[in-house]
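Colleague: Could you take one part of this model and go through it closely with me, explaining each term as it comes up?

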Amino acid sequence: MNTFTHIITDATHLPERSVEATLKLLEDGCTIPFIARYRKERTGNLNEVQITQIYEQYNRLLTIQKRKETILNTIEEQGKLTDELKSKIDNCWEPTALEDLYLPYKPKRHTRAEVARQKGLEPLAKTIYLQREQSPEIVAERFLSDDVANIDEAIDGAKDIIAEMVSENAQARNAIRREYQHDAVITSKVIKKKEKEDEAQKYRSYFDFSKPLKRVPSHQLMAMRRGEAAGFLRVSISADNDECVYKLKRQFVRGNGPCQKIVGEAVEDAFKRLIDPSIENEFAAMSKDKADEEAINVFEENLRQLLLSPPLGQKRIMAVDPGFANGCKIACLDAQGNLVHHEIIYPHPPKRYRAQAMIAVMRMIHDYRIEAIAIGNGTASRETSEFINDSLSEFKRQYKNDKVPSVFVVSEDGASIYSASATAREEFPNEDVTTRGAVSIGRRLMDPLSELVKIDPKNLGVGQYQHDVDQKKLKHELDLTVESCVNQVGVDLNTASPHLLQYVSGLGPGLAKNIVTFRREHGPFSSREQLRKVPRLGASAYEQCAGFLRIPGGTNPLDNSAVHPESYHIVEKMASDNGCSVAELIDDKALQKKIDIKKYVTAETGLPTLTDIMQELDKPGRDPRGEMTEFSFDDSVHSIEDLQEGMELPGIVTNITNFGAFVDVGVHQDGLVHISQLSSHFVSDPTKVVHLHQHVRVKVLEVDERRHRISLTMRNVSQE
């Protein structure tokens, strides 16, 4: 059994056998999506979330194990590693408790206590610490030397050593931790900086702020820490000092004699100089870690929703990157997303060549048989949408054609980052950044997932304080989210870019590039089996990736489904038993209904896998994402000045945080629906009520034109 199985079982409350099996699969190199989809019998049908929990706990324990090895080696080198201490360290799996065990043996810097030890005062400190002597001054006389001039200096040195002994006592530190856990208060004060007074105003809610730490939501903590980093705020965390000192004295001071007085003074010094700053830092880090975790969770959920946004599919697209002075950049794409034409039009001031721009738009719609129009949601988006709709009305009149392209507003967050990236330069070496940006907007409409994987998730405009959290952890968690989404949807083996393929289970950048190179040299794949011919793609990688790669129109219809090649023989047996081919079985729902899957249960294949197979036969290669729908803003509202309290408007959810959702109502400034205004019922998690890019109806509560803030509500507003 794996060393960590019991610990992970206790932490996750999952069945021990399931944890053990999952750990074995992870150690064998299996990915989370593969285990969740194709090893259900082994894991006891654990889902992806549960497997991820095991994976995260496993990595956490590996990190602790590595730290324990360092600690044990350090103590052993000092010759102080006893069997009892080794046993305590071996059985400790909490980082804080582990560091407490290590603290007395941790190599010291040039501390006051270390200086006192070098003067030979440690025996005096230990004598006073025992609190048996009636005249500590007489004892102190024995320790006078060239380095210790008088009794006061000897006793002060002894107090420094006692203070360090107290500060390294695990029981003492835990007592102060408990005080912090129950009663810690976080306080924020403004630092006056007249030259940056306007910039500081964004933090004015925290100029004189005090609140119990355990009641501070993560977004407030993040805001304070950002203000502190910017130099506008001074943030501190504290407990009841008097209560803390009282508890420490109860532990260390026994009676009222002269030694007790010295120990009491050392305890006070230990708390003020050593323990309190250390525990404050500890709780600052813990609260930051918790806030980071919540912020990352919000970001993960938003990213998942963004990546799983409904695709329009393979349509001929006109993509518009709107603008005023620099015009609107147009990119026309064929149904495969290839750039076939681009130009700039100037329908808006200051140039305002509206008539010429309208003629150009109608010409492009006609010449390139445009089926849909994607408009970026940035500057001039609203004005451009109205211009495009006017152009479509004129197109219908001039061309006597009632069938006009549908119009969609598309988030352009990160498009400028992509357009200047090495990826964009590689795809479009001869085009400028504006053309690349427009192409990205159009491709996002066709297939958001395929396009957005090319951009660092941090630049996609979703989440809260993502640039303030632990960047290594953020990247790790977001990479897992992208991998999960890509494998949930599946990837067309013959059209996917290397950026998309690298997130497929078992692949990565190297193999993804090899697949694209092989495809270019040998033509489209006709079967999954051909993957085995790709250089460096071995049996293990094939096992991991094959079920997530699709081949529409391939030689085997199962190659365009989520049925894994290892299970093809099961479907072939089902077809044979029904006197038909696999293709006929897929096409005939009546034949599928006749199948009793219990007949096909074996030692290796159970009901979970067989149920998945039947779902795939019913809808092979189905896309789990929804369908794209059109949206239009209220025609009477164009700027923040047009908003009035009580007005009901349509809007699009652009971002979700743990304190609410931001909604675009078409006035160039998103409004906030606070968590308390999302529903008439109590809401603890905004993602349970709204999702990214959802079309909603909101009511205007308040408009602050000076600060460009809009407060909205969804309470008692009918959602059509």
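Modeller: Let us begin with helix H21 (residues 433-446), which lies across E4, E5, E6, E7 and E8 and runs at about 130 degrees to E4. Helices (H or I, at least four residues) and strands (E, at least two) are DSSP runs, numbered from the N terminus, while axes are lines fitted to C-alpha atoms, for helices over the stretch in contact, with angles from 0 to 180 degrees between N-to-C directions; contact means heavy atoms within 4.5 Å. This is a predicted model, in which local features need pLDDT of at least 70 and side-chain atom pairs count only at pLDDT 80 or more, whereas totals for chains, interfaces and linings use all residues. Residues are numbered from 1 along each chain as its sequence is written, and side-chain values use heavy atoms, with hydrogens and water left out.

The strands beneath our discussion form an open sheet of 5 strands in the order E6-E5-E4-E7-E8, with mixed pairing, where two strands pair if DSSP finds at least two bridges between them. Strand E6 (339-345) and strand E8 (406-410) are at the edges, and because each has a single partner strand, one side of each is left without a neighbour in the sheet. From one strand to the next, the twist averages 20 degrees.

Within this sheet, strand E4 (residues 317-321) and strand E7 (residues 372-376) run parallel and are joined by 4 bridges, and Met-318 has Ile-373 as its bridge partner in E7. Helix H17 (residues 354-367) also lies across part of the sheet, namely E4, strand E5 (328-333), E6 and E7, and runs at about 170 degrees to E6.
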